[in-house]
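Welcome! Let's take a friendly walk through a protein model, going from its inside outwards. Keep the picture in view as you read.

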Amino acid sequence: MKCPFCKNPKIFHQGFRYNSTGKKQKYQCVKCKRWFVKKDGFERMRHSKKIISRAIHMHNDGLSLFQVQNHLWQHDGVKVTRKTISDWTKRYSIFLK
Ligand SMILES: [Zn+2]
């Protein structure tokens with residue numbers, strides 16, 4: 001693991017930070033002294049965990065991919081493809097049980 005700012009491979013391990021998506025390990029770079037957290041699966045997504053979990057729940061409740069897509073656009077202003085929603089339901093539904 002490297003510092004995301006200066007790419008220095010030497011980093012301190014500095015405990016945990018808590019936020020809406022849960023517990024994260026927090027690190028400080030030895031060289032540039034900046035703080036960062038290790039990315040988890042949801043952070044790699046372009047959309048928030050809230051949006052993803054809502055989409056998955058709506059789909060599990062019987063809404064079609066088209067209806068879920070439409071809802072996210074109308075209610076959240078989030079534009080995603082039906083393929084993306086379909087990928088979410090396959091990839092993340094096990095985390096949301
Ligand atoms: Zn650094």
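## The nonpolar core

The largest nonpolar core has eight residues in all: Ile52, Ala55, Ile56, Val68, Leu72, Val80, Ile85 and Trp88. Helices α1, α2 and α3 each supply at least two residues of this core, and α1 gives the most, with three residues. In soluble globular proteins, nonpolar side chains tend to be buried together. Please remember, as you explore, that this is a predicted model.

Now pick out alanine 55, a member of that core. Which residues does alanine 55 touch, leaving aside its neighbours within four places in sequence? They are Val68, Leu72, Ile85 and Trp88, and these residues also belong to the largest nonpolar core.

## The overall plan

It helps to step back here. The protein has three helices and three strands, and along the sequence they follow the pattern β-β-β-α-α-α. In other words, you meet the strands and then the helices as you read from the start.

How much of the protein counts as buried? Of its 97 residues, the share is 11%. Contacts can also be sorted by how far apart the partners sit in sequence: among those between residues at least 6 apart, 31% join residues at least 24 apart.

## Helix α1 meets helix α2

Let's take the helices in pairs. Helix α1 covers residues 49-60 and helix α2 covers residues 65-76; the two pack at an angle of about 140°, with their axes 9 Å apart. That angle makes α1 oblique to α2. The crossing of these two helices is right-handed.

Where do they meet? On the α1 side, look for Ile51, Ala55, Met58 and His59; on the α2 side, look for Leu65, Val68, His71, Leu72 and Asp76. Sorted by class, this contact has six nonpolar, two polar and one charged residues.

## Helix α1 meets helix α3

Helix α3 runs over residues 82-92, and α1 packs with α3 at an angle of about 90°, their axes 9 Å apart. Is α1 roughly parallel or roughly perpendicular to α3? With that angle, α1 is roughly perpendicular to α3.

From α1, the contact uses Ile52, Ala55, Ile56 and His59, while α3 brings Ile85, Trp88, Thr89 and Tyr92. Six of these residues are nonpolar, two are polar and none is charged. Notice that Ala55 and His59 take part here, and that both also appear in the contact of α1 with α2.

## Helix α2 meets helix α3

One pair is left. The angle between α2 and α3 is about 105°, with their axes 9 Å apart, which makes α2 roughly perpendicular to α3.

Here Leu65, Phe66, Val68 and Gln69 of α2 come together with Arg82, Ile85 and Ser86 of α3. By class, the contact has four nonpolar, two polar and one charged residues. Val68 and Ile85 may look familiar: both are part of this contact, and both are in the largest nonpolar core.

## A stop in the strands

Finally, visit lysine 26, which sits in strand β2 (residues 22-29). Why does lysine 26 count as partly exposed? There are 16 other C-beta atoms within 10 Å of it, and a residue would need 20 or more to be buried, or 12 or fewer to be exposed.

Lysine 26 and glutamine 14 are 12 residues apart along the chain, and their C-alpha atoms are separated by 5.4 Å.

Methods: Residues numbered from 1 in each chain as written. Predicted model: local features only at pLDDT ≥ 70, side-chain atom pairs only at ≥ 80, totals over all residues. Axes fitted to C-alpha atoms, helices over the stretch in contact; angles between N-to-C directions. Helix = DSSP H or I, 4+ residues; strand = E, 2+ residues; numbered from the N terminus. Parallel < 35°, antiparallel > 145°, perpendicular 65-115°, else oblique. Left-handed = near helix turned anticlockwise from the far one by under 90°. Contact = placed C-beta atoms within 7 Å. Nonpolar A, V, L, I, M, F, W, Y, C, P; charged D, E, K, R; others polar. Core = buried A, V, L, I, M, F, W, Y, C linked by C-beta atoms within 7 Å.
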